[in-house]
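I opened this entry to note what I looked up in one structure. The topics are strands, enclosed spaces and backbone geometry.

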Amino acid sequence: MRKLETIFYISVIIIFYTYIGYAALLYIIAAFLRTVRTKQNEIVFTPSLTLIVSAYNEENCMEEKIQNSLALDYPAGSLHFIFVTDGSDDRTPAIVANYPQIKLLHAPERNGKTAAIDRAMREVRTDIVVFSDANTLLNHDALLHIGRHYADKKTGAVAGEKRVDITGISDAVSGEGFYWRYESMLKRSESVLYSVIGAAGELFSIRTALYESPPADTIVDDLVISMKIAGKGYRIRYEPLAYATEKVSASVSEERKRKVRIAAGGIQAMLRLPFLLLPFPQPLLWFEYISHRVLRWMVTPYLLIVVFLLNNWLVYWHNAKGLTVILLFAQFIFYAIALAGYLFQKKQLRFRLFFLPYYFCLMNYGMIEGILRYLFGRQTVSWEKAVRR
């Protein structure tokens with residue numbers, strides 16, 4: 001029984017650390033560093049930029065994306081555009097072709113986003129590359145906020161903020177918006193401590209000279225591209241004043257689809273970036289990577305199951321008392337609320353309080369499913385995109 005209790009409480013501590021402890025520790029450290037470091041004056045630095053947008057069958061939003069891109073505030077002559085529409089068999093290529101300011105790359109074959117990005121990179125002649133998804137809109141001065149970070153030669157990449165518009169949304173997918181607010185808080189603190197762990201593909205940038213072509217079957221290109229740069233000793237900065245806004249997923253099933261793909265890409269990236277699992281020569285990067293990615297993707301989804309089963313075993317078969325009973329009761333309450341959220345979603349009832357635990361469970365289920373899909377070779381690089389509202 002002692003061994004079971006030890007395993008149980010260690011598992012509880014790891015879960016707590018993954019979702020609460022790491023965030024709290026980061027917040028405290030970042031707050032301290034902000035007070036002891038001299039605050040730099042706001043600088044103006046506008047290196048030459050190329051905005052790359054990879055799109056597959058995005059005719060419904062392409063016109064709006066183009067108008068948004070062309071209206072971005074940046075010095076004339078320093079901003080260039082490349083839109084890749086490989087594999088699109090709708091009006092997406094034709095819409096882009098109407099704008100001579102944009103270089104259109106189109107091929108009838110669909111080889112995945114990574115191959116499209118790699119092809120576009122061969123056309124880049126600017127110092128910096130900014131990547132953005134077709135279904136997101138950037139704030140007017142986003143590129144100015146991104147560009148200034150590159151005045152620091154140690155900066156190899158800059159991650160913008162992803163925002164999910166949940167205005168007027170009160171069903172289960174509203175959890176996506178809360179999740180990304182939590183992610184943004186982590187990235188903001190990580191940037192102060194050392195480096196952001198991965199950049200969201202909705203908006204991130206890199207020094208062109210540091211780009212290293214990932215394998216064509218890479219599932220999560222943004223993570224692999226950015227972390228390879230971090231592995232070279234450069235830092236990934238976070239810029240919350242540069243943000244990309246996208247609509248919330250159309251349904252819970254669509255959001256699960258995204259989580260499965262991200263999890264499959266996460267384990268693929270871990271296997272292909274083994275240097276990140278070693279504490280040296282960059283111990284802070286290792287600390288952030290293990291805490292933010294490895295534990296959340298590879299450990300805690302399974303520990304949640306282990307903790308629930310062990311907790312029941314200890315209470316009902318070994319008559320454990322005290323904190324063990326309290327933790328079991330708390331789990332029953334939490335999962336009951338999650339189940340209620342699932343049932344309310346099925347009945348299209350709007351009770352946001354119940355949807356956050358449901359979204360948490362959905363997210364961890366997606367992690368497990370995604371890892372299994374990758375291990376059994378069922379996750380392809382050309383994935384079915386999630387539908388947005």
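How many bridges join β1 to β2, and do the two run parallel or antiparallel? I worked from a predicted model. I found six bridges between β1 and β2, and the two strands run parallel.

**Strands**

I looked up one pair of facing residues here: I52 stands opposite I82 in β2. The connection came next. β1, α2 and β2 form a β-α-β unit, and the unit is right-handed.

I then followed β2 to its pairing with β3. Strand β2 covers residues 79-84, and strand β3 covers residues 102-105. Four bridges join β2 to β3, again with the strands parallel. V84 has L105 in β3 as its bridge partner. Helix α3, residues 92-97, belongs with β2 and β3 to a right-handed β-α-β unit.

Is β2 mostly covered or mostly open? I noted it as mostly covered, with five of its six residues buried.

**Cavities**

I went on to enclosed space. Rolling a probe the size of a water molecule over the atoms shows where empty space is left. How many cavities of 30 Å³ or more are there? I counted two.

The largest cavity holds about 50 Å³ of space. I listed its lining as I52, S54, K113, I117, F131, S132, D133, G201, F204 and D221. β1 (49-54), α4 (113-121) and β4 (128-133) are the elements that each give two or more residues to this lining. Which of them gives the largest share? I wrote down β4, with three residues. By type, the lining of the largest cavity divides into four nonpolar, three polar and three charged residues. I52 turned up twice in my notes: it lines the largest cavity, and I52 also stands opposite I82 in β2.

The second largest cavity has a volume of about 30 Å³. Its lining consists of G160, E161, K162, W180, E183, S184, K187, A200 and Y238. The elements giving two or more residues to this lining are β6 (155-165) and α6 (175-193). I noted α6 as the element that gives the most, with four residues. The lining of the second largest cavity divides into three nonpolar, two polar and four charged residues.

**Backbone geometry**

I last checked the backbone for exceptions. Most residues other than glycine have a negative phi, and most peptide bonds are trans.

Where is there a cis peptide bond? I found one joining F280 and P281, with omega about 15°. P281 sits in the loop between α8 (252-272) and α9 (283-316).

For positive phi outside glycine, I recorded N57, with phi near 50°. N57 is in the loop between β1 and α2 (59-70). I also recorded N319, with a positive phi near 55°. The place of N319 is the loop between α9 and α10 (323-346).

Is N319 buried or exposed? I entered N319 as exposed, because its relative accessibility is 54% and the cut-off for exposed is over 50%.

**Recap**

I have β1 paired with β2 by six bridges and β2 paired with β3 by four. I have two cavities of 30 Å³ or more. I also have a cis peptide bond between F280 and P281, and positive phi values at N57 and at N319.

Terms used:
Residues are numbered from 1 along each chain as its sequence is written. This is a predicted model: local features need pLDDT of at least 70, side-chain atom pairs count only at pLDDT 80 or more; totals for chains, interfaces and linings use all residues. Side-chain values use heavy atoms; hydrogens and water are left out. On a 1 Å grid over the protein atoms alone, a cavity is a set of points where a 1.4 Å probe fits but cannot get out, and a pocket is an open set with protein on both sides within 12 Å along at least five of seven lines; lining residues have an atom within 4 Å of a point. Grid points are joined across faces, edges and corners, and a volume is the space filled by probe spheres set on the points. Ala, Val, Leu, Ile, Met, Phe, Trp, Tyr, Cys and Pro count as nonpolar, Asp, Glu, Lys and Arg as charged, and the others, Gly among them, as polar. Buried means under 20% relative accessible area, exposed over 50%, partly exposed in between (1.4 Å probe, protein chains only). Two strands pair if DSSP finds at least two bridges between them. A crossover is right-handed if, with the strands pointing away from the viewer, the path from the first strand over the helix to the second runs clockwise.
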